[in-house]
Amino acid sequence: MEGLVKRYPKSPVNAVDGVTFSVERGEVFGLLGPNGAGKTTTIGILTTRVRRTDGVARVGGIDVTRDPVRARTQLAVVPQRTNLDRSLSIRQNLIFHAAYHRVPAAERNRRADELLELFGLRDRGDDKPDYMSGGQSQRIMIARSMMHTPQVLFLDEPSTGLDPAARLFVWDRVRDLRDRGTTIVITTHDMDEAATLTERVGIMDHGKLLALDRPEALTRSLPGKTTLEVALAGADGNMDAAVAALARLDGVERLEQLEGSGGQVRLYVAGDAPLMVAPVAGALSGFGITLSDVKIGEPSLEDVFINLTGRALR
Amino acid sequence: MSAPGVDVPRTSAPGVFLAVLWRDVFVTGRELPVFLAQVILQPLFMLFVFGKVLSSLGYTRPGYAHLLFPGVVALTALLTSLQSTALPLVLEFSFTKEIEDRLLAPIPTALVAVEKIVFAAMRALIAAIFMFPIGVLILGSVPWRSRGAPEFAVILVLGALVGSAMGLTMGTLVPPNRISIAFSLVLTPLLFTGCSQYPWPTLDRLRWFQVVTAFNPLTYVSEGMRGALVPGVDHIRPWVCVVALLFSLAVFAAIGIRGFIRRAID
């Protein structure tokens, strides 16, 4: 998509504001950003449900604005909220979906059985969606989206509201699909999900794409390769002076005082973080302050987001 | 999103349309008794009270029941189709979102709206035809002329289509939280200004009301039905009814389909 813009009527700002990116065939691509960043609207445009204000969006080479009908043969969507057909059983949901996409009758029965098995829903095939938990609905919707073997699958916040086991299950299915050559676009506000699952991730905020790269490359681009989080205890009067001293230490590239946690400080360090513990402790002792906790971490996508926008993801 | 030059499957609009229509037929088919009870109760009571009770008590002239019956068939057709599009659409769009899967079917969105019109009209035809055995049961006999059958069929189909197009207009233009208010405000006047219970030409004694009824599409369904089934009763000429109904269909279908697309695509 190139220069995509969406402005909703009566809204003073663009929900999607000049976004350009492309996804390779067979790639797992993530859009990461807080709620309201424009991720779902972007997906809406690509899946023909939202009319773009400006720009070009193509799915599988097809312009979604000029030829939405053919674009729909190429794509499938798993939305945030369940939209299963409540008048149909689980199995019928799959079969009718395939019928809408002109999958021949024998083939749709075979695929439905296969997918119900794969998703551990074989015994639930005749149940109605009303009796399903959030995780089960999510699984059924993914199974449904696979019924017409789309080229591109859009997953909007796939693991919101899922328990950890259900989340891992969804992740496994996403990897299966990628292995079969399906292109997958995921929106998420969960940086773990973006980091674990996607090959490249675009960071969105206020309708703009702020950065786009592989998750490792994004985190590596941060000043300071690793972080050292320290909790300080001791003389309160010296705290500010102590923190300033830490920032001046050799090897500390950047220092961040963590919000609302008093003596919590995060140091972005150039070298190995563990080697910095001794110099930090040494610097603090002069102020009568001791270390009460030390945590060593690689910078995460959350840090990338903070670095780009100056605020936390959630 | 991925490389161009992909082998893209061809789409077939009629095939997808039939699959979407089949979904509605399939779902309603399983609930046929509930559906019939739901749509037939109101005309049944109208036929019973106006056609049977009042005439048994001597409040209506002999022959009134046969004048009433075509009007009740007309009312059943139009109101059934109106209710079959408006309410389910509000639910599917706003609450269950279950229509989304069909909106993503490879078919122009306008055709999904047309499917809603066609399906609601099919329901209405079934309900209207059911009025015949019910009429026989309540009134003892109902008017029928095989020579009027083609005219009856044309008016019935048009009436059902107009009703569903009106329902589509209501269901997509009225905000979901207002739909029950809209229904009570629209349905009752529609029910009583549609010449179901009285022939239009006799209204010249009540001129202002005659003018009001001329704006209700149901009037032309009722009058067309009388022309087909009881031509002895004064009625609006059939071609006028057909033209008026075609005009209403064009207007409401155009507004309804546009409203549907606006709901379907942001």
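# Pairing, packing and burial, term by term

Modeller: In chain A, five bridges join strand S8 (residues 152-156) to strand S9 (residues 183-188), and the two run parallel. One of these pairings sets A:Val152 against its bridge partner A:Thr183 in S9(A). The model is predicted: local features need pLDDT of at least 70, side-chain atom pairs count only at pLDDT 80 or more, and totals for chains, interfaces and linings use all residues. Residues are numbered from 1 along each chain as its sequence is written, chains are lettered from A and ligands numbered from 1 in the order in which they are written, and side-chain values use heavy atoms, with hydrogens and water left out.

Biologist: Why do S8(A) and S9(A) count as paired?

Modeller: Two strands pair if DSSP finds at least two bridges between them. S8(A) and S9(A) have five bridges, so they meet the condition. The element names come from DSSP runs numbered from the N terminus, helices being H or I over at least four residues and strands E over at least two.

Biologist: Which sheet holds these strands, and what makes a strand an edge strand there?

Modeller: Six strands of chain A form an open sheet with mixed pairing, in the order S7-S8-S9-S3-S10-S11. Strand S7 (75-78) and strand S11 (208-213) are the edge strands, as each pairs on one side only. Direction ignored, neighbouring strands of this sheet are turned by 15° against each other on average.

Biologist: Which helices pack on this sheet, and how do you know that they touch it?

Modeller: Helix H5 (residues 134-146) of chain A touches S7 and S8, and its direction makes about 175° with that of S7(A). Helix H11 (residues 301-309) of chain A touches strand S3 (28-32), strand S10 (200-205) and S11, at about 40° to S10(A). Contact means heavy atoms within 4.5 Å. Axes are lines fitted to C-alpha atoms, for helices over the stretch in contact, and angles run from 0 to 180 degrees between N-to-C directions.

Biologist: What makes the other sheet, S13-S14-S12-S15, open-sided at its edges?

Modeller: This open sheet of chain A has four strands in that order, with antiparallel pairing. Strand S13 (252-257) and strand S15 (289-297) each have a single partner strand, so one side of each has no neighbour in the sheet. Neighbouring strands are turned by 25° against each other on average, direction ignored. Helix H9 (residues 239-248) packs on this sheet and touches S12, S13, S14 and S15 of chain A. Helix H10 (residues 277-285) of chain A also packs there, touching S12, S14 and S15.

Biologist: How do you know that S14(A) is largely enclosed?

Modeller: Five of its six residues are buried, so the rest of the structure largely encloses S14(A). Buried means under 20% relative accessible area, exposed over 50%, and partly exposed in between (1.4 Å probe, protein chains only). S14 (residues 264-269) pairs with S12 (residues 226-234) of chain A over six antiparallel bridges, and with S13(A) over five. A:Val265 of S14(A) stands opposite A:Val230 and is also the bridge partner of A:Gln257.

Biologist: Why is A:Arg248 called exposed?

Modeller: Its relative accessible area is 64%, which is over the limit for exposed. A:Arg248 lies in helix H9 of chain A. A:Ala283 is 35 residues from A:Arg248 in sequence and 9.9 Å away, C-alpha to C-alpha.

Biologist: What makes helix H1 of chain A mostly covered?

Modeller: Seven of the eight residues of H1(A) (residues 39-46) are buried, among them A:Ile43, A:Gly44 and A:Ile45. Just after H1(A), A:Thr48 takes a positive phi of about 70°.

Biologist: Why is H1 of chain B called oblique to H5 of chain B?

Modeller: H1(B) (residues 13-30) and H5(B) (residues 109-139) pack at about 40°, with axes 10 Å apart. Angles under 35 degrees count as roughly parallel, over 145 as roughly antiparallel, 65 to 115 as roughly perpendicular and the rest as oblique. The angle therefore makes H1(B) oblique to H5(B). The crossing is right-handed, a term for a near helix turned clockwise from the far one by less than a right angle (anticlockwise is left-handed).

Biologist: Why is H6 of chain B called roughly antiparallel to H7 of chain B?

Modeller: The axes of H6(B) (residues 149-173) and H7(B) (residues 179-192) come within 10 Å and cross at roughly 150°. That angle makes H6(B) roughly antiparallel to H7(B). The contact is made by B:Met166, B:Met170 and B:Gly171 of H6(B) and B:Ile179, B:Ala182, B:Phe183, B:Val186 and B:Leu190 of H7(B).
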